Every structure is written in C-alpha cells, then in structure tokens.
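This report describes selected features of one structure for a reader who has not met it before. Please look at the sequence and the model before reading on.

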Amino acid sequence: MNQFVRAFQPDRLAEAWKIIQQDFPMALWETVYVTILSTLFAIVIGLPLGMLLVAGDAKGIRPMPSLLMKVINVVINFLRSIPFLILIVVVIPLTRLIVGTSVGTVASIVPLVVAAFPFVARLVESSLREVNPNIIETAQSMGATPMQILLRVMLPEAVPSLITNFTLAITTILGYTAMSGAIGGGGLGNIAIMIGYNRYKYAVLYAAVIVLVILVQLIQSFGTWLAIKSDKRLKK
C-alpha cells in the first residue's frame, strides 16, 4: 500500500485531526499576521514608488530625470523577475541584518516585503494611469500643484482600482507565505510542507490547502465588496 493511500487510513486520519486541532490555530494566526504586516510594509514602500512612476514619467505631472526613472524601472523589473524561493535565499544577509535571523515566522516578513513592494508599485502605477486625464487637466488649469493633484485628485479617483489591486497584492502575499514554509517560515505553509508533505501526512497537507483557499476567498470577497462601495460612479 503506497504512502498516499495509507495517509487516509482511519488511524492516520485520527492523527492528522490531532495535528489540525493542536497546530492549525497558531499556524493560521502566523499566516494572517505575517500577511497583514508584509502587505502594510509593501504598501508603505510601493505606494509612493508607484506614484513616482506616474508623476515622474516624461508625460507626467512632474517629469523627473529620464535616467532616474530608467533606474527605478530596472530595479523594479529586476526584483519582480526573481522567483520568490530564490529571493528568500538572496536576501538572507538583509534579513539577518534587520531581524537577527533568517529562519522563522518574523524573518519571513523581510523577503515577503522585498518580493511584494515592486508588485505593489506596478499595481499603483496601473491604477493611477486609469484616472481620467481630463480631471487632471482641470486641476492643473486651476493652479493645483503636482502634489495636490496626486493626493487630492488622482489618489481619490483611483481608490476603487487601488482597493482591487491591493486585494490582489494581499492574496499574492498570502501565497508567498505558504512558499516561505519551505525554509521554516512558519504558518500554514510550514505545516503543509514539513508535516503534510515531508512526513506523508497528506490529510494535513490538504487541510492546509483548504484553509488557504478559504482565506483567499474571504479576502477577495471583502476586497471586491469594498471596491464597489467606494466607487462613486455606482452611487450616481
């Protein structure tokens, strides 16, 4: 009898249920707080960076030196092109510098932020470029400064799109947290890989996957609802 079939025998299922009861609550908490913190830090870095990409463009409201914009774009594209599991290894020195260790739940936040903020910057850039240019031109004709246009015109107009894209960022980071379990990052990913896969307890593996899918569905549903509520066009 192979390992997969044996994993679903009554005795193995009883053992898996004990693991789910004992370890899943803490693992779920670790996954949630790491996802939330990583998303917040990624937004703190990615939001102004995305605003700079739009405002500093050659046709933007505050053009910046082309060399600077090219360097920023190259760095963002470079970071986005590195697979996450490889990125975890690459940023180990930075993780140790900031956290003091490269293993554990808290340590996984550093590579998650490094992987996510370029993605968030591109999402913010995409949202701001969707703003009606006529509204921006009207604000310019009224004498608004570039900063006023960004903060009082472009960002408010882009709120529904930003919420949708930030929801996408959260679900992406949630997927990254599962991958960070491969190096002892903690959370549901760690249980799924270290216990479910490595120890052939496939019931635990599938239970972790189901919980992650439910989390993604809840986050996506809430984000969609919030985006619709914040869309002024739907209130007319």
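## A pair in helix 6

Glu-125 and Arg-122 are 3 residues apart in helix 6 (residues 109-129), so about one helical turn separates them. The model in which they are seen is a predicted one. A salt bridge joins Glu-125 to Arg-122, with 2.8 Å between the closest N and O atoms.

Are these two residues buried or exposed? Both Glu-125 and Arg-122 are buried. For Glu-125 the relative accessibility is 14%, and it counts as buried because that value is under 20%.

## A second partner for Glu-125

Glu-125 also forms a salt bridge with Arg-129, at 3.1 Å from N to O. Arg-129 lies in helix 6 as well, 4 residues from Glu-125, which is about one turn of the helix. Arg-129 has a relative accessibility of 43% and therefore counts as partly exposed, whereas Glu-125 is buried.

Which residues make up the network of salt bridges here? Arg-122, Glu-125 and Arg-129 are linked in it.

## A salt bridge between distant parts of the chain

How many salt bridges does the structure hold? There are 3. One of them joins Glu-15 and Lys-201, whose closest N and O atoms are 2.7 Å apart. This pair links distant parts of the chain, with the two positions 186 residues apart in the numbering. Glu-15 belongs to helix 2 (residues 10-55), while Lys-201 sits in the loop between helix 10 (187-197) and helix 11.

The two partners fall into separate accessibility classes. Glu-15 has a relative accessible area of 34% and is partly exposed. Lys-201 is buried, its relative accessible area being 15%.

## Ile-219 in helix 11

Helix 11 covers residues 202-230, and Ile-219 is found in it. Why does Ile-219 count as partly exposed? Its relative accessibility is 23%, and partly exposed residues are those between the 20% limit for buried and the 50% limit for exposed.

Which residues is Ile-219 in contact with, once its neighbours within four places in sequence are left aside? They are Thr-167, Ile-170, Thr-171 and Leu-174.

A separation can also be given for Ile-219 and Ile-45. These residues are 174 residues apart along the chain, and their C-alpha atoms are separated by 22 Å.

Terms used
Residues are numbered from 1 along each chain as its sequence is written. This is a predicted model: local features need pLDDT of at least 70, side-chain atom pairs count only at pLDDT 80 or more; totals for chains, interfaces and linings use all residues. Side-chain values use heavy atoms; hydrogens and water are left out. Buried means under 20% relative accessible area, exposed over 50%, partly exposed in between (1.4 Å probe, protein chains only). Contact means heavy atoms within 4.5 Å. A salt bridge is a side-chain nitrogen of Lys or Arg within 4 Å of a carboxyl oxygen of Asp or Glu.
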